[in-house]
Amino acid sequence: MTGGARPAELVLPVPTTAPERASSALELAPSQRPVARGILRLLEEAAVRTSLSGTSAPPRLHLWEVRARLLRERVFEDPTGLVGRLARRGLLREVPGTAGGRTFEVPYPEELRRALLDADARAGALAGGAGPSRIRPPLAVEEAARIRAMDQAFHGHLREVLRDREEATRAFGATFDAARLAEYLRGLFGEELYLESLLAILQQYALADAPLVSPTGRTTGATGFHLALYGPPGTGKTFSIDDLVRGNPRNGVPAHGLPGRNRYCGGITPAQFLRLGASYAGRTFNFVVPEFNDWFRYRGMVEPLKLVMEQREVKWETTFGTVGPYTFRSFFSVNYNVRTGGAEDPGPTIADPNFAALEDRMLLRFHTMSSGRFRAVEASAERLELGELDFGLADPIRDHLTLVHAIEAGAPEVADRFPRRGVRLDRSIYDRLHEISERALDRGTPVTFSPRLRSRAVRLAAAAALVGSLGSSGTEPLPLRPQEIEIAARFYEGEISARAARRTDRPRRGRPGRCAAEPAGALAGEEG
């Protein structure tokens, strides 16, 4: 995750400090206000692209791109004048020798944004307009710009792989499979912690939503699944679903997940999500929600969120209007934080009505903060801070994941070169999982796991099969090999055991039957 090189020479002189650039206010003629707004929207898209690429290079604006955007918005004003004024103020810096027209770096994006917003507000006030509130585009427009930026990030990375690293990626994929992926993660995080990271990376492969093919040849499902890591804070959940997937440059963690396919949802409310979700109708992305339990605190949100998780048609009526109907085809990877009494008392989770809602709709990994897990988290954090974790396979895994996803999702860059294969199911995985569930049922204890848990385990095995797809020749659906079945079996058996450990008869402080992490009146569809 290295940043792009900054140009060695600049055409225009640049003031050295921000106060010098802002010594006089920028003024806009009425005809320049639409130009300023177009530049603001392009600046936002460029900032998103820079963030998704993980580089530290400043955003760039191309003059041809500004003109094209203005024409699409039926603005016929020449942007050259305003761009030149911004360059003279040091808010833009022309890059010499760029092919295809003039290109400008934005060395101080936030200052440029503030200068244009303030100038537009003053021009609007003089014209009797509403000022800055009019310049912010609607949520749907903002999200459409974000989707375009994410698409550019994904397809740009894919084209880079095909142009520069296809041979190396195919050679890597010839010997890479789920067992080797598990070995890599186990080496990084240890036996106690690696499974959550493995689930997060396998979900990235599953996002291709490749078909599941029965022995009769009929498609009976797809690989995609929602992932929920459920447990107390501080157990490594955020690291697995976010830092490892999208990367965290501040901590020295490179991205392992798909570029441009993970939409971070920290800080947004479920109401905002339901509105912006309409922009993703018919598309497949992954929504990373670090505090999913907070979404269930809002009245009236439980039932719409269930429809979203089930990928059913969503229609949400509010006093401000109706959202939808639309069908959500994307997926979630979420943290659901709960407070328990530790390893000796994981019982409070079973009283949380949302646990059943998640368990029925997501691949849910449940754990408590045991003494062994505490030591493992502490040791892993120590090794990360000391720079002892070797993420040497991060870039090859990301390139491999990008190529596999493109093939199975039918990306146009590879559609005529690689066949989409899907995964073939057979009786062997069901027999293996049946053995595990029968052992649990024969104990004579109350059944504490959902029948849907097995279906999630099957999809997990199918996602694991996709990891080894480049090492398998032919055009037939990929078979499930023993190693992939064992990954699903380990998950299935571990989750049955974790659920069996929960107790419902232990008295707890507070109102009975309610999880300590949740407020009254916000659970199980209580809409008030």
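# Reading a predicted fold, step by step

Reader: Let's start with one residue. What is the relative accessible area of Gly221, and how do I read it?

Author: Gly221 has a relative accessible area of 24%, so it counts as partly exposed. The reasoning needs two cut-offs: buried means under 20%, and exposed means over 50%. Please keep in mind that this is a predicted model.

Reader: Thanks! Where does Gly221 sit, and which residues does it touch?

Author: Look for strand E5, residues 219–222, and you will find Gly221 there. Setting aside residues up to four places away in sequence, Gly221 touches Ala210, Pro211 and Leu212. You can also look at backbone positions: the C-alpha atoms of Gly221 and Ala210 are separated by 8.6 Å, and these residues are 11 apart along the chain.

Reader: Asp209 comes just before that stretch. What is notable about its phi angle?

Author: Asp209 has a positive phi of about 55°, although it is not a glycine. Its place is the loop between H8 and strand E4 (211–213). With a relative accessible area of 27%, Asp209 is partly exposed. You can practise on Gln311 too, another non-glycine residue with a positive phi of about 55°. Gln311 lies in the loop between helix H12 (302–309) and strand E9 (313–318).

Reader: Now the whole chain. How many helices and strands are there, and what share of the residues is buried?

Author: The chain has 18 helices and 13 strands. Of its 528 residues, 52% count as buried. You can also ask how far along the chain contacts reach: among contacts between residues at least 6 apart in sequence, 75% join residues at least 24 apart.

Reader: Can you show me a residue with a partner far along the chain?

Author: Try Ala206, in helix H8 (residues 194–206). The C-alpha atoms of Ala206 and Leu466 are 7.7 Å apart, while 260 residues separate the two along the chain. Apart from residues up to four places away in sequence, Ala206 touches Thr223, Gly224, Phe225 and Ala463.

Reader: And is Ala206 buried or exposed?

Author: Ala206 is buried, because its relative accessibility is 0%.

Reader: How do I read a nonpolar core, and how many residues does the largest one have?

Author: Here is the general idea: in soluble globular proteins, nonpolar side chains tend to be buried together. In this model, the largest nonpolar core has 79 residues. Leu185, Phe189, Leu198, Leu202 and Phe391 have the most contacts inside this core. Helix H17 (residues 452–467) gives the most to it, with 11 residues. There is also a second, separate core of 36 residues, which includes Ala271, Phe292, Val308 and Tyr326.

Reader: Which residues does Leu198 contact, beyond its neighbours within four places in sequence?

Author: Those partners of Leu198 are Leu181, Ala182, Leu185 and Ile487.

Reader: What about a charged residue such as Glu166: is it buried or exposed?

Author: Glu166 counts as buried, because its relative accessibility is 14%. This residue lies in helix H6 (residues 139–175). Its side chain makes a polar contact with the side chain of Arg417, at 2.4 Å. Leaving out neighbours within four places in sequence, Glu166 is in contact with Val161, Arg417 and Phe418.

Reader: Loops next. Where is Pro232, and is it buried or exposed?

Author: Pro232 is in the loop between strand E6 (227–231) and helix H9 (237–246). Pro232 is buried, with a relative accessible area of 9%. Among the residues Pro232 touches, beyond four places in sequence, are Lys237, Asn337, His367 and Met369. For a C-alpha separation, take Pro232 and Asn335: 9.6 Å, with their positions 103 residues apart along the chain.

Reader: Last topic: how do I find empty space inside, and how many cavities of 30 Å³ or more are there?

Author: Rolling a probe the size of a water molecule over the atoms shows where empty space is left. Here the count comes to 1 cavity of 30 Å³ or more. The largest cavity holds about 40 Å³ of space.

Reader: Which residues line the largest cavity, and what classes do they belong to?

Author: Its lining is made of Ile39, Leu61, His62, Leu63, Val66, Val83, Leu92 and Phe104. Strand E1 (60–62) and helix H3 (63–72) are the elements that give two or more residues to this lining. By class, the lining has 7 nonpolar, 1 polar and no charged residues.

Key
Residues numbered from 1 in each chain as written. Predicted model: local features only at pLDDT ≥ 70, side-chain atom pairs only at ≥ 80, totals over all residues. Heavy atoms only, no water. Core = buried A, V, L, I, M, F, W, Y, C linked by side-chain atoms within 4.5 Å. Buried < 20%, exposed > 50% of the residue type's maximum accessible area, 1.4 Å probe, protein only. Helix = DSSP H or I, 4+ residues; strand = E, 2+ residues; numbered from the N terminus. Contact = heavy atoms within 4.5 Å. Polar contact = N/O pair within 3.5 Å; in protein donor to acceptor, adjacent residues only side chain to side chain. 1 Å grid on protein atoms, 1.4 Å probe; cavity = no way out; pocket = protein on both sides within 12 Å on 5 of 7 lines; lining within 4 Å. Points joined across faces, edges and corners; volume = space filled by probe spheres on them. Nonpolar A, V, L, I, M, F, W, Y, C, P; charged D, E, K, R; others polar.
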